[in-house]
Amino acid sequence: MFIGYFTERPYQDQASGFFGATGKPIMDLMVSNDVYDSHLAADLYNRFLDEKLYAEEMGFDGLMLNEHHSTPFCMGGAMNVEASILARITKRAKIVLLGNILPIWDDPLWLVEQLSMIDVISRGRLVSGWVRGTGRESVAHNIEPHHNWERFQEAHEFIVKAWTDPGPFRWEGKHYHYRHVNPWVKPYQKPHPPIWLPGVVSRDSLMWAAEKRIPYIMLATEMDPTKQAFQLYHDAAAEQGYESGPQNLGYLWKVHVDETEELAEQAGRKYVQGPSNPFLAGNEGTVNPALANLPGLTSRRRVLPTQAVATAARGGGGGVAGVLGRPYEQQIEDHTIICGTPKTVIPKIRHVLEYLRPGSIFFWDGDGAMTHEDAMRSLRLMGEEVIPAVREIAKDLELPGPFEVDPATNQPIPPEASNGASAG
Amino acid sequence: MTTTSGTWTEEILELAGTKVQMVKGGSGSPLLVLHDEMGHPGWLRFHEELAKHHTLYIPSHAGFGGTGRLDWIMGMRDLAGWYLEVLDDLGLGQIDVMGFSLGGWLAAEMAVMCPDRFKKLVLVGPAGVRPTQGEIYDMFLVVAKEFITTCFLDPAKTAEFQQICPDEPTPEQMEAWEVAREEACRLSWRPYMHNPSLPHLLRRLKNTPTKILWGKQDAIIPLSAGEGFQQAIPGSQLSIIDDCGHRPEVEKPEEFLSEVHQFLSSP
């Protein structure tokens, strides 16, 4: 079992008017950065880095980052900057990027260099995930949505070649063109850092991951459709002629642990307050239906069961503006939020692990309107009680992570070869 | 297969190596009609009137309607180059052309490449030239219905508005809009709805009589873009229709037809 920690790094500004349960609605790309307070942001960036350091100390295997653009719900507009800092200030945990938005890079050679530097400085602790990005990302960086999937695939092929093949070489593709590829930094890990793929929407992406034997991580999706999507991956793997297992699949969801049930509920309700990602199930915020359906961004026909749920929630087909948020109580009911004391949380986590059988999990905490103190209390209790218990459960349920069993071969990886990152 | 309805037919023709959906109707000298970014809106009153004096050829552009997508087309100039072969294969010789919005941009790109192919040009609120004041409305940040509604100054007073944008569009209509938006996106995403080199090439139309028509209250492409077209094409005429948005052919059909008749029938 690989256990990671995630927060989306929301821009929490009480003075902005966009914060809190009764705050102004946050519509995609409709919040002017005129309200941005750089001094407050300095505190927040440093807070989130401090929490990552503490998460490593508390025994997490991975520190996960993500990236969004021009939005207050995620301050990681240049995630690789945060990853670079973590490469230097942490010692053991994997730095899990889920992920770089491949299609929006006009110059993926720069991405090759940045990621190689992070891998080298961290002495081989980078996990390099790719995403396709939401419509917001295509608009913010003005990249053709209709070529999103083509650019994703070509950038991936290019990056892997630049990481592994001796330079210099030429690249004359459809979307990328280079006369001299010879980056003077190569990855620490050989042949290259692990590549993972997180997702919520696209069937094409999931099938691609299965075909490439790349672990697939479902992000905060509801349990039943997540299980169906996992089964799609296993079926696709069987068609490709290999056996996939828990090591190929990951799940991120909201878990908060606290000292009392009362404190846990107080903090847990903050998940759905404050700026939070309207694209993921169970968050508040208004989705711009045009941005959610930019022309050609995702195949309208080849979506995952998880997205079928999301579009139904928006009024069907995404053509009607709506709010994706589900009430806190409903999320508690269906385990997409788990919060409580270690005693009540551990059996619920066991239920999720039994039902979905992922080899990697990420606890999404410290988000929405949660304070640093909320996050730190939870991290401490996760380290002291929850993580050790989850490792036992994972052993009991036979849920190996991708550093224990090779996702490409289904063969055990000797502990020394995995850099000792996963304690099992 | 050919669909016939009153004065027009619709068929799939093999042109320029591709299956092209073609609506054809009327009688008289040929007039090529190039549809806008939402695709051919169906046979409307202005078509009916124009068809009394011209044989209308209304192809669906590559990737729109029933015409196949050409994956190699990466922008408007690629489409224009391909379209010239469509005209070769139609074998109509020198013809008049009328283009609406994105179709007006297409007409301008084709004409500057090959001015001898065109007798007269009618550009109705064409994209392609960046306005000096204001910006071109971003159709991709709103859903199809909102975009179409914004094209009109007063949808409620526009007789055919419900026909092209019904309150309850059918699933087929929604799908056609999505297909059109995707293809429009492929042609116009970056730079959005214009080509910085086009104004410099438009001078080549100095011997091609050109009429530019603009709704004064156009909320999609500001009027200053029309002035830019007029200044770039020597001898061109800009006619501004008052109390009218981006679709004068639908919102003010009388004024539109009067301008067009006068221009096309003059020697």
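A:F73 sits in the loop of chain A that runs between β2 (62-65) and α2 (79-89). The model is a predicted one. A:F73 has 25 other C-beta atoms within 10 Å, so it counts as buried; the cut-off for that class is 20 or more. A:R9 lies 64 residues away from A:F73 in sequence. In space, the C-alpha atoms of A:F73 and A:R9 are 7.0 Å apart.

**The elements flanking the loop**

After the loop comes α2(A). Its buried residues are A:M79, A:N80, A:E82, A:A83 and A:L86. They span an arc of only 155 degrees around the axis, so they lie on the same side of α2(A). A helix of the α type has 3.6 residues a turn, so positions three or four places apart point the same way. Which residues are exposed on the other side of α2(A)? They are A:R88 and A:I89.

The buried residues of α2(A) have several packing partners in chain A. Two are helices, α1 (38-57) and α3 (108-121). The others are β2 and β3 (94-101).

Those strands also pair with each other. β2(A) and β3(A) run in the parallel sense, joined over four bridges. A:G62 stands opposite A:K94, a residue of β3(A). How enclosed is β3(A)? Eight of its eight residues are buried, so the rest of the structure largely encloses this strand.

**Nonpolar cores**

The largest nonpolar core holds 88 residues. Within this core, A:L63, A:I95 and A:L252 touch the most other members. Helix α13 (residues 372-397) of chain A gives the most to the core, namely eight residues. Apart from this core lies another, of 83 residues. Its members include A:V287 from chain A. From chain B, they include B:V20, B:M22 and B:V97.

A:L252 deserves a separate entry. Neighbours within four places in sequence are left aside here. Beyond them, A:L252 is in contact with A:F6, A:I217, A:L219 and A:A220. A:F362 and A:W364 are also in contact with A:L252.

**The two chains**

The table lists like items for each chain.

| Item | Chain A | Chain B |
|---|---|---|
| Secondary structure | 13 helices, 13 strands | 10 helices, nine strands |
| Buried residues | 50% of 424 residues | 47% of 267 residues |
| Contacts at least 24 apart, among those at least 6 apart in sequence | 76% | 73% |

Chain B has a radius of gyration of 17 Å. The globule rule gives 18 Å for 267 residues, and the two values are close, so chain B is as compact as a globular protein of that length. Along the principal axes, its C-alpha trace spans about 45 × 40 × 40 Å.

**Where the chains meet**

How many residues of chain B are in contact with chain A? There are 12, and they meet 12 residues of chain A. On the side of chain B that touches chain A, seven residues are nonpolar and five are charged. No polar residue appears on that side of chain B. Interface size is often given in another way, as the accessible area lost when the parts come together.

Key
Residues numbered from 1 in each chain as written. Chains lettered and ligands numbered in written order. Predicted model: local features only at pLDDT ≥ 70, side-chain atom pairs only at ≥ 80, totals over all residues. Contact = placed C-beta atoms within 7 Å. Nonpolar A, V, L, I, M, F, W, Y, C, P; charged D, E, K, R; others polar. Core = buried A, V, L, I, M, F, W, Y, C linked by C-beta atoms within 7 Å. Buried ≥ 20, exposed ≤ 12 C-beta atoms within 10 Å, placed from the backbone. Rg over C-alpha atoms; globule rule 2.2 N^0.38 Å. Arc of directions from axis to C-beta. Pairing = 2+ DSSP bridges.
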